[in-house]
Amino acid sequence: MRARYAVPAMVSKTSRNDPCPCGSGKKYKKCCLLKEQAEADRIARRDTAMPRALEWLREHHGEAVEDALDEDFFGGLEPSQREELDELPEDYVQMVYLNAFEWLLAEGGLSTGEGADDFAPSMEIVLGSGGASLDPETRAYLELIGSTPMGLYEVVESVPGEGAWLRSTLEEDSERFWIQERAASHSFEAGHIFAGRVLALEPRILSGAIYAFERDRYLELREAIVDGPDGKAGGSDSLWVSACVIDSWLSSLVAPPPEVMDASTGEPVVLTTSRYLVKDWPRLESILADEPNVEHDGKSEWARLEPVDDERQRVLCTLSREEDGHLELFTRTESAADDNAAWIEEIAGEITHLIGRDVEDPRKKAEGAAPEGSNRRSSAELLDEFYRKTYATWADDPLPALADKSPREAVKTDAGKRHVIELLKTYEESERVNAKTQEREPSDLGFLWEAVGLTPER
């Protein structure tokens, strides 16, 4: 098991016998050097506390430890899913067992004999009479882990290499607070959701275990926590929170990647760029100008629209004249790509020729090679404009996620406003994931916040 983070060596340019930089007038070795050495020792004791306790447990109760992990921590998984966990990349496997071992100490219990009464919390076994030989500071740190309930948190702001500002998502109107976290802060981003134990030290720190969640799964998790077992409110029960978190997190590791669905059609989003040779651009531009539902930006882009009702329209595709003279047709789904290809064939089949498609699934990188000469940057630029056109009427569209209210209607109440904010954060997280897999910068969805009079939460 790895330590929470490696403790960097404390390097100072000040000689031991030099005056202390703090200005106390004492020698460095008699002043701040002592404090720095004490702090380094304190951090080292914290980082070795759990490994020492677990080493003792496994040496004295090895079989009971394995039984507790199998039955309680991993108990919600099918045997095949447990095998899938062990086949994950090494860093994921280490993360799983780091979390499992911390759970064992903080909340788990062991059977220490044959009788029904021969069962005790793991922490009591380690710290009790006949338990591990530990110094008082290490014991106090382990007791703090055992008494700290698991919480569910959102990253408000991260300072890589130092820490992050968090807020609890299980408390209404939670104030943000600072944690010192040197390692995980490099991967934290505003909007990230995770579960863990925040230890009430100065400064506050994470105990080590981190359960990260995508926002869609987090919303389901939070609902389960609040509803409680058998529909009874359970949000304040620490063991219920922990059980929900662990089951949801382990399931997410062995679940297939979720499909990203197109809001207007309900189909899986598969970004598709079709490229065409064009024999006669002036004629094609004339044809597009005669199409009643095609709008031109006055430069080199067109949008094909479909009426939704008397006042609203939906973008079916965008078209762009590239610098190399090709036509690029961009859609969000494969069926839309097929439908629009048929439309191009119908109106301009004599002067256009399809030469290939660049298909990108948001859940993974595009399969197969992109067509020769494909311009990914153009697709990314089109995507930004496409989002604006696709979501042009979003604020006034009734959405199932908002109980068939439009976002503009929903924000009129406090509860509806929270639901709209969560929905917008879900969109942003999905866009960040898509952009990462497609090796591009994420599109700015701030215009959606503005459309309903909200300020993006950063």
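# A guided tour from helix α5 to the salt bridges

Begin by selecting residues 136–147, which form helix α5, a run of 12 residues that reaches 16 Å from its first C-alpha to its last, close to the 16 Å expected at 1.5 Å a residue. Keep in mind throughout the tour that this is a predicted model.

With α5 still selected, show the side chains of Thr138, Tyr141, Leu142, Leu144 and Ile145, which are buried. These residues cover an arc of only 155 degrees around the axis, so they lie on the same side of α5. An α-helix has 3.6 residues a turn, which means that residues three or four places apart point the same way. Turn to the other side of α5, where Pro136 and Ser147 are exposed. Before leaving the helix, add aspartate 135 and glutamate 137 to the selection: aspartate 135 caps the N-terminal end of α5, with a side-chain oxygen 3.2 Å from the backbone nitrogen of glutamate 137.

Now widen the view to the whole chain. Its secondary structure comes to 13 helices and 13 strands, and buried residues make up 43% of its 458 residues. Of the contacts between residues at least 6 apart in sequence, 58% join residues at least 24 apart. The accessible surface comes to about 24,500 Å², and 47% of that surface belongs to carbon and sulfur atoms.

Next, select serine 207, which sits in strand β7, residues 205–213. Is this serine buried or exposed? Serine 207 has a relative accessible area of 5%, so it counts as buried. Add glutamate 102 to the selection, and you will find the side chains of serine 207 and glutamate 102 in a polar contact at 2.8 Å.

The remaining stops concern salt bridges, of which the structure holds 17. Select arginine 215 together with glutamate 154, whose salt bridge brings the closest N and O atoms to 2.9 Å apart. This pair links distant parts of the chain, since arginine 215 belongs to helix α6 (residues 215–227) and glutamate 154 to strand β3 (residues 151–159), 61 residues apart. Both arginine 215 and glutamate 154 are buried.

Keep arginine 215 in view and add glutamate 422, because these two residues also tie together separate parts of the chain: glutamate 422 lies in helix α12 (residues 414–437) and arginine 215 in helix α6, 207 residues apart in sequence. In this salt bridge the closest N and O atoms are 2.5 Å apart. Glutamate 422 is buried, with a relative accessible area of 15%, and arginine 215 counts as buried at 1% relative accessibility. To see the wider arrangement, select Glu154, Arg167, Arg215, Glu422 and Lys425 together, as these residues are linked in a network of salt bridges.

For the last stop, move to aspartate 324 and arginine 275, whose side chains meet in a salt bridge at 3.0 Å, N to O. Here again the pair links distant parts of the chain, with aspartate 324 in the loop between β11 (313–321) and β12 (327–331) and arginine 275 in strand β8 (residues 271–278), 49 residues apart. Which of the terms buried, partly exposed and exposed fits each partner? Aspartate 324 has 46% relative accessibility and therefore counts as partly exposed, whereas arginine 275 has a relative accessible area of 1% and is buried.

Notes. Residues numbered from 1 in each chain as written. Predicted model: local features only at pLDDT ≥ 70, side-chain atom pairs only at ≥ 80, totals over all residues. Heavy atoms only, no water. Salt bridge = Lys/Arg side-chain N within 4 Å of Asp/Glu carboxyl O. Helix = DSSP H or I, 4+ residues; strand = E, 2+ residues; numbered from the N terminus. Buried < 20%, exposed > 50% of the residue type's maximum accessible area, 1.4 Å probe, protein only. Polar contact = N/O pair within 3.5 Å; in protein donor to acceptor, adjacent residues only side chain to side chain. Expected span 1.5 Å × (residues − 1). Arc of directions from axis to C-beta. Contact = heavy atoms within 4.5 Å. Areas by Shrake-Rupley, 256 points an atom, 1.4 Å probe, with all protein chains shown as cover.
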